[in-house]
Amino acid sequence: SKDEARKSIVYNYKHGFSGFAATLNETQAQTLAEFPEVVRVKLNTYHKPHTTQSWDFLGLDYDGPQQQQPQQQEGLLQRAKYGENIIIGVIDSGIWPESRSFDDTGYSPVPARWNGVCQIGHAWNATSCNRKIIGARWYSGGISADVLKMDYNSPRDLTGHGTHVASTIAGSQVWNVSHRGGGLGVGMARGGAPRSRLAIYKVCWVDGSCPEAAILAAIDDAIKDGVDVLSLSLGGSPGEEIFETLHAVLQGISVVFAGGNEGPVPQTVLNAVPWVMTVAASTIDRSFPTQVTLGNNEKLVGQSLHYNASVISNDFKALVHARSCDMETLASSNVTGKIVLCYAPEEAFLISPRVALRNAINRTLEAGAKGLIFAQYAINNVNNVAACNNIMPCVLVDFEIAHRIASYWDITRSPVVKVSPTMSAVGNEVLSPRVASFSSRGPSLAFSTILKPDIAAPGVNILAAVRGTYVLLSGTSMACPHVSAVTALLKSVHPGWSPAMIKSAIITTASVIDSFGMLIQAEGVPRKLADPFDFGGGHMDPNRAIDPGLVYDVDAKEYNKFFNCTLGLLDGCESYQLNLNLPSIVVPTLKDNATVSRTVTNVGPVEATYRVVVEAPAGVAVLMEPSIISFTRGGSTRATFRVTLTAKQRVQGGYSFGSITWSDGSAHSVRIPIAVRTVIQDFVSDTS
């Protein structure tokens with residue numbers, strides 16, 4: 001009946017695309033799918049969130065660049081007027097409007113083009129929005145009554161995730177803040193585009209779920225509301241894509257996604273459609289060294305976030321080596337009131353460091369320990385030890401340090417240890433950036449010809465607002481808003497640029513070397529040199545992205561063909577996907593040779609000549625035609641080149657990597673990454 005049909009509707013999508021979400025049984029869904037007017041019927045899936053020195057580290061100094069680029073008097077932040085009046089939509093868990101990061105003092109009226117609303121609800125009224133948070137909506141359709149009872153039925157953020165993300169993007173300057181007010185990471189917190197406006201769309205709830213039906217409703221509303229950028233620090237499982245973001249891009253809205261936190265495992269990257277920017281997480285030049293002193297006065301260093309002075313003792317405590325810290329060993333070791341060393345390298349392959357650490361914290365606390373020293377092979381994500389909640393010191397050490405502590409314990413009758421308060425180290429003594437171990441890696445499971453992630457940005461121990469305080473959090477959720485903010489700044493400087501042009505500018509100007517001039521590394525097992533499946537084009541360099549010289553533009557309608565290919569509605573899709581004008585080249589099945597084309601658009605000096613520099617992937621010959629491109633006054637601003645890749649060895653192998661760089665010999669160096677896999681047989685990647 002019509003009445004039952006109306007009751008079944010959860011959301012109507014009508015602004016950016018045509019569709020609806022409804023509660024249906026299997027027969028009803030199948031009947032709908034058979035209508036010729038219906039493109040697709042799919043089951044609602046649930047996504048989850050991917051959980052400030054970083055801006056200075058990226059060169060976006062509030063008062064201007066410390067090292068000015070040639071012919072550049074101002075940095076991106078100043079040229080973009082700090083993001084003034086750019087509207088950024090944040091689809092996440094809501095916001096805490098009372099945070100000092102969202103103070104609207106000195107802001108001009110809300111832009112007249114804004115069409116959104118400030119939706120009222122629990123602990124949220126019309127005055128909760130201001131000239132900074134200019135709009136807010138919340139989406140409870142499909143959320144269980146039990147979950148709704150535990151959360152605010154409003155845009156207010158209970159978990160803190162959305163607040164952290166929003167303040168990283170657009171937070172106003174807040175002086176003298178630190179991790180939970182305890183002194184760690186002390187300094188000024190601010191967003192990358194601190195004068196931009198925020199539109200909040202709460203789709204994630206206290207149980208950690210972000211229903212796709214709600215995400216689509218938020219995207220649909222954001223298109224109507226008039227946002228310039230959409231930031232989504234969330235994702236589902238590899239292969240689950242939110243294709244409807246295409247409708248936002250067709251309206252000129254740039255869309256930025258977190259790439260996922262399932263690294264360093266290959267093929268785990270999320271949000272891999274070509275029209276969005278997918279962000280990997282990297283470290284910054286800040287660490288939190290913590291001194292561990294043994295009873296023989298040997299001083300060793302680990303990493304911690306221990307800030308609570310009330311539980312720090314200057315006294316030595318008894319040390320227990322509980323190996324894997326399983327329940328049985330802890331019970332038999334009498335760890336009450338002692339500091340426990342969890343060190344079992346022979347079992348490291350059985351369980352991920354994140355899970356092992358969480359188990360060790362819970363078990364040692366339950367057993368009555370007064371401290372934990374945990375050994376693992378990847379220690380760059382110190383945020384994990386926040387689970388101790390400062391009830392006791394928790395220190396991460398590598399296997400080498402742990403071995404020295406265990407050796408001392410072995411030969412000492414009454415071993416003791418002391419953990420000192422954590423310190424903050426910033427600057428050249430910290431090797432950075434590195435791709436974080438947790439950051440999800442390519443290649444994409446869904447689209448083998450699309451390079452993902454696109455770019456890396458700071459995502460480890462990022463200090464930003466959570467409720468009324470400031471907290472260090474890690475994840476690609478924290479990296480995503482860095483790219484969202486830079487995207488907003490570039491939109492301000494170049495309002496006529498398409499989302500593809502902005503994406504190209506960020507990728508082609510990225511850095512592949514660290515602050516010491518060495519190739520960037522990726523944390524993993526073991527640490528290695530980063531490749532495009534770790535960080536796409538490299539580590540974001542915002543000030544270079546202002547003036548990229550050349551860009552790889554894509555008519556957004558071309559993405560429609562890509563989408564139709566995913567539905568099986570077009571022929572010749574492999575060739576089309578290889579030649580989609582992206583700032584990267586991936587050939588996943590090179591048997592003999594393949595030729596792909598790309599077109600660059602000149603956005604630099606009217607008269608310019610670029611010469612190509614090729615770094616060929618191992619085992620592959622690369623031929624460029626032409627190898628020189630020139631632009632003249634009155635001539636075309638576009639130039640097309642062809643890349644022929646030839647396998648030099650007939651093997652069923654893995655990927656090898658290279659790059660193509662167009663250089664004008666002075667200010668512009670436009671680099672895109674290449675990934676090639678040689679094959680003999682289809683559908684089999686490696687027979688070795």
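This passage walks through the domain layout and the cysteines of a predicted model.

The protein chain splits into four pieces, going by the assignment used here. Domain 1 takes in residues 2-34, and domain 3 covers 289-423. Domain 2 is built from two stretches, 78-285 and 432-546, while domain 4 runs over 584-678. As for how the ends of this list sit in space, the C-alpha centres of domain 1 and domain 4 are 46 Å apart.

Now to the cysteines. The structure has four disulfides, and three of them are picked up here, including the pair made by Cys-204 and Cys-210. In that pair the sulfur atoms lie 2.1 Å apart. The S-S torsion of Cys-204 and Cys-210 comes out at about 110°, so this disulfide is right-handed. Both partners are tucked away from solvent: Cys-204 has a relative accessibility of 1% and so counts as buried, and Cys-210, at 0%, counts as buried too.

Next comes the bond between Cys-325 and Cys-342, with 1.9 Å between the sulfur atoms. Here the torsion about the S-S bond is about -95°, which makes the disulfide left-handed. Cys-325 sits in the loop that links strand S17 (317-321) to helix H9 (327-333), whereas Cys-342 belongs to strand S18 (residues 339-342), so the bond ties together parts that are 17 residues apart in sequence. Cys-325 is buried, its relative accessible area being 0%. Cys-342 is buried as well, with a value of 3%.

Cys-565 and Cys-573 make up another disulfide, and their sulfur atoms are 2.0 Å apart. The torsion about this S-S bond is about -95°, so the Cys-565 and Cys-573 pair is left-handed. Neither residue is fully shut off from solvent, yet each falls under the 20% cut-off for being buried. Cys-565 comes in at 12% relative accessibility, and Cys-573 has a relative accessible area of 16%.

That leaves Cys-480 to look at, and what keeps its sulfur from bonding to the closest cysteine sulfur? The answer is distance: the closest cysteine sulfur, in Cys-204, is 12 Å away, which is too far for a bond. For a pair to count as a disulfide, the two sulfur atoms would have to be within 2.5 Å. Cys-480 is nonetheless buried, with a relative accessibility of 0%.

Key:
Residues numbered from 1 in each chain as written. Predicted model: local features only at pLDDT ≥ 70, side-chain atom pairs only at ≥ 80, totals over all residues. Heavy atoms only, no water. Domains from an automatic or database assignment. Buried < 20%, exposed > 50% of the residue type's maximum accessible area, 1.4 Å probe, protein only. Helix = DSSP H or I, 4+ residues; strand = E, 2+ residues; numbered from the N terminus.
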